[in-house]
Amino acid sequence: MRIRRLRILGVAMLLSAVAALVGAIFYLLPREVVPSANRVQDFVVLNEAKFRIDDNPVAAKLFRFPDRDDENPDLRLVRIDEASMNPPNDPRDPGLGQFPWRRAVYGKLLQRLHKAGAKIVAFDVAFFEPSPDPRDDAAFAAGMRQQPTVLPLSLVTSSGGALGVEKPPPVLAAAAAALGSTTVDNPGGWLAGQPLVVTARDGTNGVTET
C-alpha cells in the first residue's frame, strides 16, 4: 500500500514538474517565436497551479514558494466603503453622504494626508467632467498643489481606430503631479505582458506618452 502511494506521489510530482517546465518555457520565449501563445494566460495557469499547491498540505511541504502577499509598510489604501457613504448625521457611524462627493472633499483629504506624511497619492476615481460648482475643482486643485497627486486618464479609441486619451479638466490636470492609466483588459485580468509605455494622441497637444 505504501509503495503504491509513493508511486502515485512520484507520478504526480513528475507531471507537475513537466507542466511547470512547459509553462516556464512558454513564458520565457520571445513573443516572435510563438506569437499564438498568450503569455498572460500562461502566467494565470502557473498562478492557479501555485494556489492548488498551497491548498494541499502535502504538496505545500514539497514545493515552497516565496510569500509575496506581505503588506507593504509604505503603501496605504483609503477605501470608499459603505460606511463612508452613510449620512453625515448618522448617529451610529456618520459618513460623507451619497457618492459621488463634492470634489472639495478630496481637497481636504489631500491636505490631511499631507499632514500625515504622505509622499504621493494616486486616485482610482476618474474626474473627467468639470464640477457643477467651479469652487469644488479649485479646492481639489489646491489640495493637489499641496500634496503630490496622480490622477487617472482614460485610453479611448476614436471612430478612425486611433488610440487617444481622455484627461481630467484643465484646472485639475494642471495641479496634478502626473496623469496615469492602468488597464486590466487581458485574459485572466493580469497586467503581465502588457506594454509599459502606451503612445496616444490627445487631439490637442500631439503625442502623449503614458
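**Q147, the largest pocket and the confidence of the model**

Q147 sits in the loop between α5 (134–146) and β2. The structure described here is a predicted model. In this model Q147 is buried, because its relative accessible area is 0% and the cut-off for buried is under 20%. The side chain of Q147 makes a polar contact with the side chain of H114, at 3.3 Å. H114 is also one of the residues in contact with Q147 when neighbours within four places in sequence are set aside. The others are L110, L113, A118, K119, I120 and V121.

The overall fold was examined next. The protein chain contains six helices and seven strands. Along the sequence, their order is α-α-α-α-β-α-β-β-β-α-β-β-β. The chain has 210 residues, and 22% of them count as buried. Among contacts with a separation of 6 or more, 54% join residues 24 or more positions apart.

One such pairing in space involves strand β5 (residues 178–180), where A178 is found. The C-alpha atoms of A178 and V150 are 4.9 Å apart, although 28 residues separate the two in sequence. Beyond its neighbours within four places, A178 is in contact with T149, V150 and L151. A178 is partly exposed, because its relative accessibility of 34% falls between the limits of 20% and 50%.

The pockets were then considered. Rolling a probe the size of a water molecule over the atoms shows where empty space is left. The largest pocket has a volume of about 1,400 Å³. Its lining is made up of 37 residues. Those nearest the centre are R76, V78, L113, V121 and A122. Three elements each give two or more residues to this lining: α4 (104–115), β1 (121–122) and β2 (149–152). The largest share comes from α4, with six residues. By type, the lining holds 24 nonpolar, six polar and seven charged residues. Two of the residues nearest the pocket centre, L113 and V121, are also among the contacts of Q147.

The loop between α3 (57–62) and α4 holds P100. The peptide bond from F99 to P100 is cis, with omega near 5°. Most peptide bonds are trans. N72 lies in this loop too, between α3 and α4. A polar atom of the N72 side chain lies 2.9 Å from the backbone nitrogen of D74. N72 is partly exposed, because its relative accessible area is 38%, between the limits of 20% and 50%.

Confidence varies along the chain. The average pLDDT is 79, and 73% of the residues score at least 70. The highest mean among the elements, 96, belongs to α5. The lowest belongs to strand β7 (residues 207–209), with a mean of 48. Over residues 204–210 the pLDDT is below 50, and this stretch has 19 contacts in the model beyond near neighbours in sequence. Another stretch, residues 184–196, stays under 50 as well. For residues 184–196 the model has 25 contacts beyond four places in sequence.

Terms used:
Residues numbered from 1 in each chain as written. Predicted model: local features only at pLDDT ≥ 70, side-chain atom pairs only at ≥ 80, totals over all residues. Heavy atoms only, no water. 1 Å grid on protein atoms, 1.4 Å probe; cavity = no way out; pocket = protein on both sides within 12 Å on 5 of 7 lines; lining within 4 Å. Points joined across faces, edges and corners; volume = space filled by probe spheres on them. Helix = DSSP H or I, 4+ residues; strand = E, 2+ residues; numbered from the N terminus. Nonpolar A, V, L, I, M, F, W, Y, C, P; charged D, E, K, R; others polar. Buried < 20%, exposed > 50% of the residue type's maximum accessible area, 1.4 Å probe, protein only. Polar contact = N/O pair within 3.5 Å; in protein donor to acceptor, adjacent residues only side chain to side chain. Contact = heavy atoms within 4.5 Å. pLDDT = per-residue confidence, 0-100.
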